[in-house]
Amino acid sequence: MRPKTILCFDFGGTSTKAALKFDNQYILKKLPNQEEPNVLINKVLCDFKSYNIDKIIITGSKTEGIDFNKISIDTIKLDELEAVANIVRFLNIDKGLVVNIGTGTSFTLYDKGKHYHISGTGLGGGTFLGLSQRLLNTTDLETIKELACCGDITKVNVNVSEICNKDIGWLSKDITASNFGKLQGEKEDVACGIHSLVAESITAMIKGITYNTHVNSIILCGGLIENSLVRQLISRNLEIFDLQHKFLDNPRFGTCLGAITLFQLLSA
C-alpha cells in the first residue's frame, strides 16, 4: 500500500529541514543543526505523533551519523541531488534546471524522468554568511539585508562604464565588471557588495550552463532565496540574459519537497 503520510528530513550543511505531507498538505519545519540527528528525528516524531506517519525519508549532505536501526518507522534514504532534481516534477514540469543555493550551489537538470548533476560551485549561502561574519561582524540575515538596502553598490563594485564609456555588446554600462573592485565604502555598501557577489556570480553560471540548450524552465531554491534582495538581483541579471525563471515557494524546503515527490514516483 502506498504510504499516505510521509515525513522527510533534509540534513543540510548549515540547517536541517523537515516536511510532513498528509492529505496533499504540507507542514514545514526548520530545525537546529546542533543536536544529534537521531535525537532530532525523535523530537519531530513526537511533535507529529498525531499524524500516523507511514514513511520517513532521509536526504541531505550530512546523513552519515544517523542510526537507522533507532528509527521506529520504516525509513528510506534518497540521494540529495536526485531529490533536488525532482523539484521539477513537484512543479509538474517535464524538463528544468534546478539551482539550489544552499551552503554552496548545485545545478541539477531533470529531463523526463532522468536527472543530471550538471555542475556546482562553492559560492552560496555559506559564502554569504562567511563574508558577512568577516566583513560586517554579523550572520543575522535580516540585519545584513537591511544594511545592504541602505548601501551604494557603486562604492564597492566597478561597473562597465568605469572601464569603457559605451555598452559592450549586450552589456549595458551599469553592469558589474568587477565585484569588490574598489577598496572603499561603508558597511552598508559592503553588505550590498556581498549580495551582488553571490547573486551575480550564480546567474552568470546559469547563463553558461544553459547557453545553446533547450532548457526553458529555471527553478531557484535554497535558504538564500528567502532574501528578497538576492531574488531582485538574480531576477535582474537573468532578465538581462533573457532567461525565464521561477523562485520556488518555501525555497528552503525544496530538497524535502523533491524527495517526497521522488519517493511517491518510485512507489507508484
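Start by selecting residues 95-101 and 218-221 in this predicted model: these are strands β6 and β11, which pair in the parallel sense over four bridges. To see one matched position, show Val98, which stands opposite Ile219 in β11.

Keep β11 on screen and turn on its side chains. Ile218 and Leu220 point one way, while Ile219 and Cys221 point the other way. In a regular strand the side chains alternate between the two faces of the sheet. Are these four residues of β11 buried or exposed? All of them are buried.

Now add residues 245-247, strand β12. β11 and β12 run parallel and are joined by three bridges. Here, Ile218 has His245 of β12 as its bridge partner.

**Two crossing helices**

Next, select residues 187-210 for helix α6 and residues 228-240 for helix α7. Their axes come within 9 Å and cross at roughly 35°, and the crossing is right-handed. Which residues make the contact? On α6, show His195, Ser196, Ala199, Glu200, Thr203 and Ile206; on α7, show Leu229, Val230, Leu233, Ile234, Asn237 and Leu238. If you colour this contact by class, you will find seven nonpolar, four polar and one charged residues.

**The five-stranded sheet**

Move on to the strands numbered β1 to β5. They form an open sheet in the order β3-β2-β1-β4-β5, with mixed pairing. At the edges are β3 and β5 (75-77), each of which pairs on one side only. Neighbouring strands in this sheet are turned by 20° against each other on average, direction ignored.

Zoom in on β1 (residues 6-11) and β2. Six bridges join these two antiparallel strands, and one position to label is Phe11, whose bridge partner in β2 is Thr16. With the sheet still displayed, add helix α1 (residues 37-47). This helix packs on the sheet and touches β1, β2, β3 and β4 (55-60); its direction makes about 150° with that of β1. Helix α8 packs on the sheet too, touching β1, β2, β3, β4 and β5, and its direction makes about 135° with that of β1.

Stay with this sheet a little longer and pick out residues 16-22 and 25-31, strands β2 and β3. They run antiparallel, joined by seven bridges. Thr16 appears again here, standing opposite Leu31 in β3. What connects the two strands? They form a hairpin with two residues between them, and Asp23 in the turn has a positive phi of about 50°.

**Inside helix α8**

Select residues 254-266 to isolate α8. Its 13 residues reach 18 Å from the first C-alpha to the last, close to the 18 Å expected at 1.5 Å a residue. Bring the surroundings back, and you will see why the helix is largely enclosed by the rest of the structure: 11 of its 13 residues are buried. Among them are Gly254, Cys256, Leu257, Ile260, Leu262 and Phe263.

**Last stop: Tyr116**

Finish at Tyr116, in strand β8 (residues 114-121). Why does Tyr116 count as partly exposed? Its relative accessibility is 37%, and the partly exposed class lies between under 20% for buried and over 50% for exposed. Leaving aside neighbours within four places in sequence, Tyr116 is in contact with Phe107, Thr108, Leu109 and Asp111. For a final distance label, join the C-alpha atoms of Tyr116 and Leu97: they are 19 residues apart along the chain and separated by 9.4 Å.

Conventions:
Residues are numbered from 1 along each chain as its sequence is written. This is a predicted model: local features need pLDDT of at least 70, side-chain atom pairs count only at pLDDT 80 or more; totals for chains, interfaces and linings use all residues. Side-chain values use heavy atoms; hydrogens and water are left out. Two strands pair if DSSP finds at least two bridges between them. The expected span of a helix is 1.5 Å times one less than its number of residues. Buried means under 20% relative accessible area, exposed over 50%, partly exposed in between (1.4 Å probe, protein chains only). Axes are lines fitted to C-alpha atoms, for helices over the stretch in contact, and angles run from 0 to 180 degrees between N-to-C directions. Contact means heavy atoms within 4.5 Å. A crossing is left-handed if the near helix is turned anticlockwise from the far one by less than a right angle, and right-handed if clockwise. Ala, Val, Leu, Ile, Met, Phe, Trp, Tyr, Cys and Pro count as nonpolar, Asp, Glu, Lys and Arg as charged, and the others, Gly among them, as polar.
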